[in-house]
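Colleague: I'd like to go through this one with you and pester you about the labels. Could you put it up on the screen?

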Number of protein chains: 2
Amino acid sequence: MSLIIDCHGHYTTAPKALENWRNAQIAGIQDPASMPRVIDLKISDDELRESIELNQLRLMKERGSDITIFSPRASFMAHHIGDFQISSTWAAICNELCYRVAQLFPDHFVPVAMLPQSPGVDPATCIPELEKCVKEYGNVGINLNPDPSGGHWTSPPLTDKAWYPIYEKMVEHDIPAMVHVSTSCNACFHTTGAHYINADTTAVMQLIQGDLFQDFPALRFIIPHGGGAAPYHWGRYRGLAQEMKKPLLQDHLLKNVFFDTCVYHQPGIDLLTKVIPVDNILFASEMIGAVRGIDPETGHYFDDTKRYIENSTIVVGDDRHKVYEANTRRVFPRLDAHLKTQGR
Amino acid sequence: MSLIIDCHGHYTTAPKALENWRNAQIAGIQDPASMPRVIDLKISDDELRESIELNQLRLMKERGSDITIFSPRASFMAHHIGDFQISSTWAAICNELCYRVAQLFPDHFVPVAMLPQSPGVDPATCIPELEKCVKEYGNVGINLNPDPSGGHWTSPPLTDKAWYPIYEKMVEHDIPAMVHVSTSCNACFHTTGAHYINADTTAVMQLIQGDLFQDFPALRFIIPHGGGAAPYHWGRYRGLAQEMKKPLLQDHLLKNVFFDTCVYHQPGIDLLTKVIPVDNILFASEMIGAVRGIDPETGHYFDDTKRYIENSTIVVGDDRHKVYEANTRRVFPRLDAHLKTQGR
């Protein structure tokens with residue numbers, strides 16, 4: 001029996017007090033006298049427990065997944081709001097909550113950190129929060145926002161040396177990053193329908209254009225939402241890489257880049273698993289996330305991605321174990337070590 | 001026997017004099033004394049003929065397609081360069097060349113116009129060029145750039161009333177628009193690997209968010225490159241539409257939105273044709289375009305998309321006629337009328 005590890009969950013159901021505090025913080029940017037203090041935010045363990053037991057944990061049990069790699073709500077990261085100090089305070093609060101959830105539910109949640117990114121600010125400023133989360137909170141990875149401007153794309157590509165301080169720390173601590181944007185504040189881009197998917201596609205293409213993994217052979221990225229458009233257009237990407245005289249994508253990209261299974265219908269999962277080698281696919285649902293309804297065509301939740309794997313005729317036998325557990329333990333060595341201490 | 005109509009071709013092989021003139025025009029923005037005149041550009045019919053016969057027409061004959069709907073090179077539209085006057089002069093030149101190609105090869109090329117869009121300029125300014133191309137040049141459609149800024153996305157969404165003057169003319173003249181961006185001048189977005197695909201995805205989501213087709217029931221858009229990420233994530237889009245209380249996508253979107261087959265591998269075409277109703281799929285290759293090489297996995301050109309249709313077990317029988325000919329004649333009524341005058 002495989003452990004079923006969902007590598008992509010966000011704390012989208014945090015108690016309302018968190019959102020209220022954030023709104024007060026945002027108001028405080030204009031009106032410093034009203035800026036809330038961190039200690040003004042009070043959320044009890046019972047409130048955390050309830051927010052999880054009634055939501056993510058309930059659905060994990062219903063659907064049959066065991067562990068969720070759990071990070072702060074992606075759309076609430078909103079790195080474009082305020083300056084580094086605003087982001088830093090906010091990231092610390094959100095990361096602490098995910099840590100507490102993981103402490104309360106050690107069998108089911110393992111934390112991943114958001115970073116206190118801010119547009120135009122050196123990514124190296126994120127390192128203290130990153131290291132605190134790894135060393136003190138047991139975080140097994142990070143979420144890295146390639147566009148902290150929120151849809152204006154004012155940062156350099158992920159292959160730019162400006163990002164290297166983060167990558168050096170990722171390699172040092174042997175943690176991967178999920179490349180995940182936050183809320184779009186550009187009216188052209190719907191957050192979960194365009195900005196998220198575009199960012200995934202954009203990241204893949206940046207990594208194809210560059211030679212980042214020559215500098216960091218051990219660096220690992222997860223591209224969420226099934227890799228954006230990349231698997232669907234895999235022929236295009238293979239062809240573009242060839243025109244750029246890059247190695248085959250299996251060598252140029254797939255030693256370091258992995259795709260999750262947050263694709264919310266059977267034909268999409270079938271395409272992903274047909275096109276991308278099984279060793280590069282990590283089970284995930286992003287539950288409870290962008291698409292919470294029931295598919296009228298199937299009668300099941302759109303984001304119950306485990307059903308698509310169970311119904312797959314492509315991912316069978318030992319490959320299913322890879323997608324559910326083995327790949328994720330390999331990409332997240334600190335998760336693997338943590339599970340081993342639990343005898344799993 | 002179906003006519004095989006490729007609804008997505010650009011004049012990527014125009015004689016070098018065109019690029020030289022454009023470079024002089026761009027230099028002239030800074031140095032008005034050096035601004036070239038339109039009559040300085042001299043390209044003979046023989047040069048046009050050669051540029052087509054050795055390239056697009058040769059490959060059309062090799063691959064077995066009959067007609068290409070032919071528009072100016074997308075990446076050269078570069079609406080972000082200069083002001084409206086610069087774009088206007090450039091669009092007129094490019095549209096005239098495609099018109100001349102269509103005159104020289106009336107059995108094989110039918111023109112579609114680029115518009116003289118410019119960032120921050122009212123789209124209504126494009127109407128004189130649009131009407132000239134329809135009335136004098138026999139253009140059967142237009143390419144509409146949802147982001148004339150070239151990767152900064154400073155225009156409002158396609159559902160905004162700012163675009164309505166264009167839509168009114170499209171309905172009046174019964175022409176569709178292909179939603180197609182141009183060169184990216186944002187370092188985050190590779191032009192053909194990220195910006196094109198992102199724009200397709202973005203346009204689909206804008207159209208899902210809005211209710212544009214309530215205002216324009218007869219408006220028709222082609223989303224190129226297989227619809228960007230949309231078909232791969234069709235469950236996500238169905239789910240997001242449901243959360244927004246929109247009608248089913250077949251009613252909300254698919255009466256007015258069509259996808260081309262510019263997806264450069266068999267699994268992608270199979271996904272597209274499995275997920276999207278056959279009546280919404282238009283054959284296309286974007287040849288000669290972004291991906292010009294031979295796929296080492298098949299030994300055939302990546303962009304020889306006819307092979308994927310021929311090898312499809314999904315698009316068979318009369319459905320193949322729809323994809324190759326009937327859908328395109330329906331979406332482009334002026335093409336249909338033109339072909340009928342030719343006895344086709």
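What follows is a chat about how the labels on this predicted model are earned.

Colleague: Let's start with helices. What makes α5(A) and α6(A) roughly parallel?

Modeller: Their axes cross at roughly 10° and come within 11 Å. Angles under 35 degrees count as roughly parallel, so α5(A) and α6(A) get that label.

Colleague: Which residues meet there, α5(A) against α6(A)?

Modeller: On the α5(A) side you have A91(A), A92(A) and N95(A), and on the α6(A) side E129(A), K132(A) and C133(A). Sorted by class, that contact has three nonpolar, one polar and two charged residues.

Colleague: And how do you know that α6(A) is largely enclosed by the rest of the structure?

Modeller: Buried means under 20% relative accessible area, and seven of the nine residues of α6(A) are buried, so the helix counts as largely enclosed. Those are I127(A), E129(A), L130(A), E131(A), K132(A), C133(A) and V134(A). The cover over them includes α5, β4, β5, α7 and α15 (333-341) of chain A.

Colleague: Chain B has a helix pair too. Why is α1(B) called roughly antiparallel to α5(B)?

Modeller: Helix α1 (residues 16-30) of chain B and helix α5 (residues 84-104) of chain B pack at about 175°, with axes 11 Å apart. The cut-off for roughly antiparallel is over 145 degrees, so α1(B) is roughly antiparallel to α5(B). In the contact, L18(B), W21(B), R22(B), Q25(B) and I29(B) of α1(B) meet I86(B), T89(B), W90(B), I93(B) and L97(B) of α5(B). By class that gives seven nonpolar, two polar and one charged residues.

Colleague: On to the strands. Why are β4 and β9 of chain A said to stand at the edges?

Modeller: The sheet has six strands, ordered β4-β5-β6-β7-β8-β9 in chain A, and it is open, with parallel pairing. β4 (113-114) and β9 each have a single partner strand, so one side of each is left without a neighbour in the sheet.

Colleague: What makes β7(A) and β8(A) a pair?

Modeller: Two strands pair if DSSP finds at least two bridges between them. Strand β7 (residues 221-223) and β8 of chain A share three, in the parallel sense, so they qualify under that rule. One spot to look at is I222(A), which stands opposite F258(A) in β8(A).

Colleague: How many bridges join β8(A) and β9(A)?

Modeller: Two, also in the parallel sense, so that pair meets the minimum of at least two. F259(A) has I281(A) in β9(A) as its bridge partner. Between these two strands the chain runs through helix α12 (residues 266-275) of chain A, and the β-α-β crossover is right-handed.

Colleague: Which way do the side chains of β8(A) point, and are they buried or exposed?

Modeller: V257(A) and F259(A) point one way, F258(A) and D260(A) the other, and all are buried.

Colleague: Where does α7(A) lie?

Modeller: Helix α7 (residues 164-173) of chain A lies across β5 (142-144), β6 (177-179) and β7 of chain A, at about 160° to β5(A).

Colleague: Which strands form the sheet of three, and in what order?

Modeller: The order is β1-β2-β3 in chain A, an open sheet with parallel pairing. β1 (5-11) and β3 (109-111) are the edge strands, each pairing on one side only. The twist averages 35° from one strand to the next. Strand β2 (residues 67-72) joins β3(A) over three bridges, and T68(A) has F109(A) as its bridge partner. Helix α14 (residues 318-331) packs on that sheet, touching β1 and β2 of chain A, with its direction at about 75° to that of β1(A).

Colleague: Last label: why is T328(A) called buried?

Modeller: Its relative accessible area is 0%, and the limit is under 20%, so T328(A) passes. T328(A) lies in α14 of chain A and touches, among others, I5(A), C7(A), I69(A) and L282(A).

Colleague: How do you know that A194(B) is buried?

Modeller: By the same test: 0% relative accessible area for A194(B), against a limit of under 20%. A194(B) sits in helix α8 (residues 191-209) of chain B, and its contacts are T202(A), M205(A) and F189(B), leaving out residues up to four places away in sequence.

Definitions and conventions: Residues are numbered from 1 along each chain as its sequence is written. Chains are lettered from A and ligands numbered from 1 in the order in which they are written. This is a predicted model: local features need pLDDT of at least 70, side-chain atom pairs count only at pLDDT 80 or more; totals for chains, interfaces and linings use all residues. Side-chain values use heavy atoms; hydrogens and water are left out. Buried means under 20% relative accessible area, exposed over 50%, partly exposed in between (1.4 Å probe, protein chains only). Helices (H or I, at least four residues) and strands (E, at least two) are DSSP runs, numbered from the N terminus. A crossover is right-handed if, with the strands pointing away from the viewer, the path from the first strand over the helix to the second runs clockwise. Axes are lines fitted to C-alpha atoms, for helices over the stretch in contact, and angles run from 0 to 180 degrees between N-to-C directions. Angles under 35 degrees count as roughly parallel, over 145 as roughly antiparallel, 65 to 115 as roughly perpendicular and the rest as oblique. Contact means heavy atoms within 4.5 Å. Ala, Val, Leu, Ile, Met, Phe, Trp, Tyr, Cys and Pro count as nonpolar, Asp, Glu, Lys and Arg as charged, and the others, Gly among them, as polar.
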